[in-house]
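Got the viewer open? Here is a short walk through the sheets and the helices that sit on them.

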Amino acid sequence: MDAEKYVNAIARKVKCNGKKKKEIKKQLMMDIHMRMKQGERLEEIISQMGTVKEIADGFNENISLKEQKRYVRNKVLKIVIPVIVIVTFLIWFVYWIFPKSFDIEQSKYFKREQVEAAMKETIALLDAEDYIALQENAIPQMQSLLNAETREGMRGTLCDDWGERKQFGAVYMVELVQGNTHLAVGEITVTYENVSATYRLTYDKDMRLAGIYVR
Amino acid sequence: MNDKYERQMKKGVLDMLVLRLLKSEPKYGYQIIQELKEKSEETFLLKDGTLYPILYRLEDDKLVVSKWSEAEGKQVPRKYYEITEAGQKALDEILAVWKRISDGISKIMED
């Protein structure tokens with residue numbers, strides 16, 4: 001062990017503030033250098049001064065209880081405060097990342113009438129099999145799915161022949177927030193000649209179709 | 001067992017001895033350790049971990065002041081401790097207490 005390691009090890013174990021630790025290190029180094037100048041070897045000096053534990057215990061026994069308590073409190077705070085910060089951040093992050101739904105009337109991004117109109121238009125385009133218009137108003141990930149095959153697949157889960165659309169039912173919608181993503185999700189029941197279908201349609205902030213589900 | 005009593009008795013007089021050594025002139029830590037050892041004929045073999053906290057406490061109580069010396073040539077910088085006026089006064093008071101206790105102990109022991 002060299003002198004600096006020895007002194008640093010002692011300072012780490014002494015229960016006092018950083019300023020005093022620095023002072024202790026400086027003084028111990030000074031003593032060691034003086035002894036070395038007098039011809040003593042480091043091993044002899046360390047054996048005279050005591051082990052790291054002995055010398056640190058000596059300091060701690062003579063440091064006031066008040067200062068030791070302050071040291072322990074500061075050390076605990078140094079651990080507790082980052083833990084609180086990390087836990088708070090994690091709670092906030094989980095809240096932020098978890099999808100949350102809000103009343104669309106309170107939304108900064110969506111207007112109920114606008115979403116309702118977009119939903120009705122999407123359904124009309126689907127019924128008319130106007131895939132080009134549907135794709136133009138959809139997010140890129142959705143565009144390749146908006147085709148005859150998908151439409152028939154969705155329709156087939158309910159009934160082979162839906163017949164002509166008769167009327168739109170009530171519309172329910174919410175704003176869905178997940179992280180920085182804001183979506184409008186609406187449900188509407190549509191009555192056809194042979195079936196009643198409930199569409200769940202999702203739109204992004206630019207009112208592009210981002211999801212479609214029929215039951 | 002003896003160790004325990006010896007340690008306790010020594011602990012009670014260390015402040016007084018350190019102040020007494022500083023009365024003549026300012027001294028640095030290692031010098032105090034050496035003087036205590038020599039003058040007490042090795043009765044007081046103080047370690048750094050014992051002396052420095054005493055000096056820090058005396059300094060906090062304004063009984064001593066400290067000053068780092070400038071390093072000259074190859075000389076290691078030293079921290080000198082000097083007794084203050086309040087320290088001199090405290091030393092006189094401690095010595096008076098010590099004398100009273102010492103006399104009291106002697107009277108009991110002589111019985």
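**Stop one: chain B**

Start by selecting residues 2-24 of chain B: this is helix α1, which lies across β1, β2 and β3 of chain B and runs at about 95 degrees to β3(B). Helices (H or I, at least four residues) and strands (E, at least two) are DSSP runs, numbered from the N terminus. Angles run from 0 to 180 degrees between N-to-C directions, with axes as lines fitted to C-alpha atoms, for helices over the stretch in contact; contact puts the C-beta atoms, placed from the backbone, within 7 Å.

A word on ground rules: this is a predicted model, with local features needing pLDDT of at least 70 and side-chain atom pairs pLDDT 80 or more, while totals for chains, interfaces and linings use all residues. Residues count from 1 along each chain as its sequence is written, and chains are lettered from A and ligands numbered from 1 in the order written.

Now show the three strands under α1(B): an open, antiparallel sheet ordered β1-β3-β2. Its edges are β1 (27-28) and β2 (64-68) of chain B, each pairing on one side only (a pair takes at least two DSSP bridges). Pick 79-83 next: β3(B) runs antiparallel to β2(B), joined by five bridges. Click Trp68(B) and look across to its bridge partner, Lys79(B).

**Stop two: chain A**

Here five strands make an open antiparallel sheet, β1-β2-β3-β4-β5, edged by β1 (100-103) and β5 (209-214) of chain A. Strand-to-strand twist averages 30 degrees. Finish on helix α6 (112-127) of chain A, packed on the sheet against β2 (165-178), β3, β4 and β5.

Key. Contact = placed C-beta atoms within 7 Å.
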